[in-house]
Amino acid sequence: MHDSNGHDHCLLCGAYHPHSWNLCFTPGREGEVVSTFIASKDLQGYDDLVHGGVICSLLDAAMTHCLFHQSIQAVTGDLRVRFLQPVSCEVPLELRARLLFTCPPLYQLRAELRCDGQLMAKAEGKFMRRGCHDNIDKIPANQNNHSC
């Protein structure tokens, strides 16, 4: 998937990035994508806790890969993250993302970060297909699995 999605040098998933986190997403149920990740202490903010910016990046990557699995290349236009629990370093984390709304070239997605089944952080994002110049605000708020 790296050669066809323009992400071969991505810090989070890139096969050719020298410090890649090597995220790999697989299809889940009902169009979701799923990945696991263990954040090393190199990614901490406060002692032994994953930095909030890293959490945002993980959730954004999950949504981007959800689109990749539908052969869509898109960029983030809006990202809203809720931090629900502190996330410890060096524990297995599960990422999930799914498409909520589509009106090409615009897409709205949701992602979750879990640890031992507990929801730690969640995000919603609006994405625009690469190369389009339409306004990202055309996606209505709070749409669920609708298309235009």
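Biologist: Where in the chain is the place of Glu32?

Modeller: This is a predicted model, and in it strand S1 covers 26–27 while strand S2 covers 33–38. Glu32 belongs to neither of these strands, its place being in the loop between S1 and S2.

Biologist: Is Glu32 buried or exposed, and which residues is it in contact with, leaving aside its neighbours within four places in sequence?

Modeller: Buried means under 20% relative accessible area, and Glu32 has a value of 12%, so this residue counts as buried. Once the neighbours within four places in sequence are left aside, the residues in contact with Glu32 are Thr26, Pro27, Arg96, Ala97 and Arg98.

Biologist: Which strands pair with S6, and over how many bridges?

Modeller: Strand S3 (residues 74–83) runs antiparallel to strand S6 (residues 118–129), and in this pairing Val75 has Met128 as its bridge partner. Strand S5 is also antiparallel to S6, with Tyr107 bridged to Phe127. The bridges number nine for S3 with S6, and ten for S5 with S6.

Biologist: Which residue in the turn of the hairpin formed by S5 and S6 has a positive phi?

Modeller: Two residues lie between S5 and S6 in this hairpin. One residue in the turn has a positive phi of about 50 degrees, and that residue is Asp116.

Biologist: How many residues of H2 are buried, and what span does the helix reach from its first C-alpha to its last?

Modeller: Among the buried residues of H2 are Val54, Ile55, Leu58, Leu59 and Phe68. Twelve of the 17 residues are buried, so the helix is largely enclosed by the rest of the structure. Helix H2 covers residues 52–68, and its span is close to the 24 Å expected at 1.5 Å a residue, reaching 24 Å.

Biologist: How many disulfides does the structure hold?

Modeller: A disulfide would require a pair of cysteine sulfur atoms within 2.5 Å. Cys89 is buried at a relative accessible area of 8%, and Cys115 is likewise buried, at 15%, while Cys66 is among the buried residues of H2. The number of disulfides in the structure is zero.

Biologist: Where in the chain is confidence lowest, and where is it highest?

Modeller: The chain averages a pLDDT of 88, and 86% of the residues score at least 70. Where pLDDT is low, the predicted coordinates should not be read in detail. Confidence is lowest in strand S7 (residues 146–147), at a mean of 51, and highest, at 98, in strand S5 (residues 106–115).

Note on methods:
Residues are numbered from 1 along each chain as its sequence is written. This is a predicted model: local features need pLDDT of at least 70, side-chain atom pairs count only at pLDDT 80 or more; totals for chains, interfaces and linings use all residues. Side-chain values use heavy atoms; hydrogens and water are left out. pLDDT is the predictor's confidence in each residue, from 0 to 100. Helices (H or I, at least four residues) and strands (E, at least two) are DSSP runs, numbered from the N terminus. The expected span of a helix is 1.5 Å times one less than its number of residues. Buried means under 20% relative accessible area, exposed over 50%, partly exposed in between (1.4 Å probe, protein chains only). Two strands pair if DSSP finds at least two bridges between them. Contact means heavy atoms within 4.5 Å.
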